[in-house]
2 protein chains.
Amino acid sequence: MSTLCRAPSWQRRGFSLKYILFTPKPPTRAFSTSPRGPGLRSLELDEPRLKKLKVNQSRLMDELHHTCQWGTGERWGEQGTETGMRRLSLSDADKQARDWFVDATKALGCNISVDAMGNTFAVRPGRAQGAPTFAGSHLDTQPSGGRYDGILGILAGVEMLRVLQENRVETAFPIGVVNWTNEEGARFPISMMSSGVWAGDIPIGHAYALQEVGGGTATVKSELERIGYLGILPASYEAMPMAAHFELHIEQGPILEKEEQKIGIVKGVQAYRWYTVEVIGQEAHTGTTPFGSRADALLAASRMICASHTAAADHGALASTGILTLSPGSVNTIPGKVKFSLDIRAPSDNIIDKLEKHLKSDFDSIVSTESTKALPLSVTWQTDSISPAIHFHKDCIAAVRASANSVLGDEALSREMVSGAGHDSVYASRRCPTSMIFVPSRDGISHNPKEYTSPGDCAIGAEVLLQSVLRYDGLRSNVGN
Amino acid sequence: MSTLCRAPSWQRRGFSLKYILFTPKPPTRAFSTSPRGPGLRSLELDEPRLKKLKVNQSRLMDELHHTCQWGTGERWGEQGTETGMRRLSLSDADKQARDWFVDATKALGCNISVDAMGNTFAVRPGRAQGAPTFAGSHLDTQPSGGRYDGILGILAGVEMLRVLQENRVETAFPIGVVNWTNEEGARFPISMMSSGVWAGDIPIGHAYALQEVGGGTATVKSELERIGYLGILPASYEAMPMAAHFELHIEQGPILEKEEQKIGIVKGVQAYRWYTVEVIGQEAHTGTTPFGSRADALLAASRMICASHTAAADHGALASTGILTLSPGSVNTIPGKVKFSLDIRAPSDNIIDKLEKHLKSDFDSIVSTESTKALPLSVTWQTDSISPAIHFHKDCIAAVRASANSVLGDEALSREMVSGAGHDSVYASRRCPTSMIFVPSRDGISHNPKEYTSPGDCAIGAEVLLQSVLRYDGLRSNVGN
């Protein structure tokens, strides 16, 4: 069952989209309630007209910082906006931000639906019924996060709705903005949780039962109920189908800044695998044990960490170790056991497969080289997470590319990229055409109070998002779905 | 003021040794109170007679295991003696073991002195007054220690006294056994604490004020008082001079076992230095940060650990890292800070100097190679501990060598060694001629419940200790001091 509930009763069930999806021709009844008087139809939005649809940079930034009053985090500078964010999913601060999102989009003529995971869909009607083309991201943050990750994508979506309204644009099909619940996985430890439920990849019972980290007893379901965002719309791509999903996001890496480029045209998300590697040696006294009689688990682990970087570089991939623990942990005792995390990433699953094989062989060589006859070392691998490579849809990528070129006026100012991090677009892409738009992150920093993207870059990203959504709507209009 | 108190009032001050030290000729009054009837004088102990002085292996081992009833530790095997030890310094269990030591040595005709650090000196009179030749070690253990480290040295000393008694040996000068307080530094965190005070290298006020680790409020002084071992003899080499100090100890390493040898003739103790090395990089997302934009503190630290081993091996030295901590400690965040311990050891201070210089240069190269222009890495060194190389006395080493050859009958069964670990003999050697005797450690394991030396090897070691002390006494007798 799918539901679109009209303002002000956004919690009330409305009509079913289920039977009217992908109508082959524009229906006779249009949903053009918001544009007043004669406006532009997306079909009529040729290049010159698209270029005239300008994002209001001040309004965008003022509203972004306005929403950062809910869940303000650590201060890092003297300006009023120089604080980070701590807006954990389903917290009181998250509820306030969600309420703002509902009110703002309702005021822009949207119908609001909340699904059983609290995913909140604001849909602006088009001329024809049909699955909306969405801009989406998330309003929750890391406990020590910043003002841009996720937030910018939602605020740019709301700005898109404002630009459509003030220019009285009538789109072929509905246009939506979605705020996904618990993308960060910081308070409830599954990231991209609710887009995952929507996509059918994470069972809703599993998500509901998740307890908050840190020893509290709140669960996802109890908190959804508490803050009033346990919607009645099933959390499913069948109940809330999307024609496409576009996500504006900060890069969270240094490439755009380093290359002095403004837009990343995101072709997909790299594959990654997470492992825990355990090396077992033998504790021994550092002063009385010659090298030839040692089974030094930390020396072996150090060689493995070095080897993982060399091999990853050779494969055009990444390898990183973020956690390392050892025992017993005494200055004059050679560690007998070391555990470390290994995170490998590459643009394709094939490279990941090859790299994993290469590293298993390398690590085996290291333990056999380091082992003495009397004291063998051993290494074991545990696979903690597998995330295959995601390839976004060519039509969405083309829409982003055309939009970037239009907004920037210079192909050299954008580049194709593969996202290194996961986003809600990963799950969205499993059920609808998807792409993402990256804007520069200062110093490549994210998940940090100092995370920063300049107002100009935010506005450029928002304008590329706006154009991408309209171009995709125009494409559907041209092909009739 | 020095004090030797006679049994039973071993806490009462006796006569002062201060004015009768190192008398140039044998005095007329002999202290031969313990040997009954005609016995052997050490001067008369030629090789055949020395060889006849046999340690009683069963008695030695029975008594050693008897004393392990105080502070029994973790069980590791099914036999009654297959447990480790947990006899922390100045604990109730330590008091019980000390009481046994006092009673046992008093019963063997010794005068007992306890100094202000609880160091307990059992002295068997000789024909002449003068500083005693000591066998010494310690009865305290690590919290998860074994039955041999320290304990064997004391028990072999007591067995030595028994052999002297049953063979009615009259030595030229007094012979002593010393139980040093808190050699392990496990409960009160300075190792070789009270031999250090005796040697004048550790101020007594500093030692007294040490609090027990783990948050308790007991201090060294309060615990000495509580268990009744705060003696009135000043803790000083001037108050309790030693003619020589011999220490039997388990090797705590694998060399003797590996080489199928029975005795290590310990020529000295290697130099060591302890450092804390801190590497500062930049936290970044593992998925979004290309290798060229990283300042990975753990990768740099791993390269340093590998480099430290290579350089140490090149210098004939050792390098070990036993502690490593990093932050922030998340699978998908590149560590921005790593701290690790570095323990380097070598037979000479000169090699340590060269190795330190080499490593500082290596680590600087690593940070500059790993640094990107935008994100530099840095490394800082903190020196935590400096222990210069110790060279034992040639006369003591010669006594051990001659004794080992006599007991083993084959030069190939002993080897000269440098101790990798610190021992009370380090401080003793600063104030009197010193050497040590090592016996094999099974699998090189120590500071572990499974620490083990066979009864036969314990007895061989005890016999070499006995002979070494007698040979040294004979040497003094020959040269008249």
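Turn chain A by 180°, slide it 0.1 Å along the rotation axis, and it lands on chain B with an RMSD of 0.1 Å (a least-squares fit on the C-alpha atoms of residues with pLDDT of at least 70 in both). The two copies are thus related as by a two-fold rotation axis. In chain A, the residue that comes closest to this axis is S302(A), with its C-alpha at 2.3 Å.

This is a predicted model, in which local features need pLDDT of at least 70 and side-chain atom pairs count only at pLDDT 80 or more, while totals for chains, interfaces and linings use all residues. Residues are numbered from 1 along each chain as its sequence is written, chains are lettered from A in the order in which they are written, and side-chain values use heavy atoms, with hydrogens and water left out.

As for the interface, 50 residues of chain A are in contact with 50 of chain B (heavy atoms within 4.5 Å). The copies meet through the same surface, because 100% of the interface residues of chain A are also interface residues in chain B. Together the chains bury about 4,200 Å², with 64% of it on carbon and sulfur atoms (accessible area, 1.4 Å probe, lost on being put together and summed over both). On the chain A side, T288(A), F291(A) and V331(A) lose the most area to chain B, together 15% of what that side buries.

What about polar links? Between the chains, 16 residue pairs are in polar contact, both residues at pLDDT 80 or more (N or O atoms within 3.5 Å, one able to donate a hydrogen and the other to accept it). By class, the side of chain A that touches chain B has 21 nonpolar, 22 polar and seven charged residues (Gly counts as polar; Asp, Glu, Lys and Arg as charged).

Note on methods. Buried area is the accessible area (1.4 Å probe) that two parts lose on being put together, summed over both. A polar contact is a pair of N or O atoms within 3.5 Å; within protein, one must be able to donate a hydrogen and the other to accept it, and residues adjacent in sequence count only if both atoms are side-chain atoms.
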